[in-house]
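Grab a pencil and have a look at the model below. Each exercise comes with a worked solution, so try it yourself before reading on.

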Amino acid sequence: MNKLIIRQYVPSGDSGASCAPCEETKTHLLSVIENLSPKLANLNIQPDLQVMEIHTITERNAGKLNFISFFSPETGIPEEKSIEEVLGVPVSYEMCEGCLLPDGTSFKTRTLGIEGREYQALPPGVLTDALIRVVFSTFESCGGGSCDTCAGCIQD
């Protein structure tokens, strides 16, 4: 089974920081992975959520929070690919009411612009879209999934 690693960067419990969009996105990610795992298993792909905790959060590094990436060396994605790269959408940093540094100061958080809407917390539909695009990109070595041996290619 080829592992597809999905990473989300969040504040650790001992950081003293909070990020409401991180928590909401994490809940949605867990649900999407749970729902799609049986279907992905049929394609020989096992999604693996890695929650990457950041222990010291400052205004300078807070922009890394809620960063979502995908990689799967076994299927031709050797380095982390950001969700905004996968979806082809811009990322900006906007003030977040539910985001607090250890001293209680609000900070700007990652915001994706998708079809005229801005998302700090990523909804299930956006996460599912990204995951499906990543999975389809693994078939590119088979000519876009059109060969007769794609299942064999995936298993190699």
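**Exercise 1: Around Thr111**

Skip the neighbours within four places in sequence, and Thr111 touches Pro90, Val91, Ser92, Glu94, Glu118, Tyr119 and Gln120. Keep in mind that this is a predicted model.

Task: Work out where Thr111 lies and whether Thr111 is buried or exposed.

Solution:
- Step 1. Find the strand: Thr111 belongs to β7, which covers residues 106-114.
- Step 2. Check the relative accessible area, which is 2% for Thr111.
- Step 3. Compare that with the cut-off: buried means under 20%. With 2%, Thr111 is therefore buried.
- Step 4. Look for a polar partner: a polar atom of the Thr111 side chain lies 3.1 Å from the backbone oxygen of Thr109.

**Exercise 2: A serine in a loop**

Task: Find which backbone atoms the side chain of Ser15 reaches, and decide whether Ser15 is buried or exposed.

Solution:
- Step 1. Place the residue: Ser15 is in the loop that links β1 (2-11) and β2 (18-19).
- Step 2. Look for polar atoms: the side chain of Ser15 has a polar atom 2.8 Å from the backbone oxygen of Ser12. That side chain also reaches the backbone nitrogen of Ala17, at 3.1 Å.
- Step 3. Read the accessible area: at 8%, Ser15 counts as buried, because the limit is under 20%.
- Step 4. See who else is there: leaving out neighbours within four places in sequence, Ser15 contacts Ile54, His55, Ile57 and Pro102.
- Step 5. Try a C-alpha distance too: Ser15 and Thr58 are 43 residues apart along the chain, and their C-alpha atoms are 9.6 Å apart.

**Exercise 3: Reading a sheet**

Task: Take the open sheet with the order β3-β1-β4-β5 and say which strands stand at the edges.

Solution:
- Step 1. Write down the order of the four strands, β3-β1-β4-β5, and note that the pairing is mixed.
- Step 2. Go to the ends: β3 (45-54) and β5 (77-82) each have a single partner strand, so one side of each has no neighbour in the sheet. From one strand to the next, the twist averages 20°.
- Step 3. Zoom in on one pair: β1 and β3 run parallel and are joined by ten bridges. As an example, Arg7 has Gln50 as its bridge partner in β3.
- Step 4. Add the helix: α3 (residues 124-137) lies across β1, β3, β4 (68-72) and β5, at about 145° to β1.

**Exercise 4: A lysine and its rings**

Task: Find which rings Lys64 lies over.

Solution:
- Step 1. Start with Tyr9: the charged end of Lys64 sits over this ring, 4.4 Å from the centre.
- Step 2. Move to Phe67: Lys64 lies over the face of this ring, 4.1 Å from the ring centre.

Methods. Residues are numbered from 1 along each chain as its sequence is written. This is a predicted model: local features need pLDDT of at least 70, side-chain atom pairs count only at pLDDT 80 or more; totals for chains, interfaces and linings use all residues. Side-chain values use heavy atoms; hydrogens and water are left out. A charge sits over a ring if NZ of Lys or CZ of Arg is within 6 Å of the ring centre and within 35 degrees of the ring normal. Helices (H or I, at least four residues) and strands (E, at least two) are DSSP runs, numbered from the N terminus. Buried means under 20% relative accessible area, exposed over 50%, partly exposed in between (1.4 Å probe, protein chains only). A polar contact is a pair of N or O atoms within 3.5 Å; within protein, one must be able to donate a hydrogen and the other to accept it, and residues adjacent in sequence count only if both atoms are side-chain atoms. Contact means heavy atoms within 4.5 Å. Two strands pair if DSSP finds at least two bridges between them. Axes are lines fitted to C-alpha atoms, for helices over the stretch in contact, and angles run from 0 to 180 degrees between N-to-C directions.
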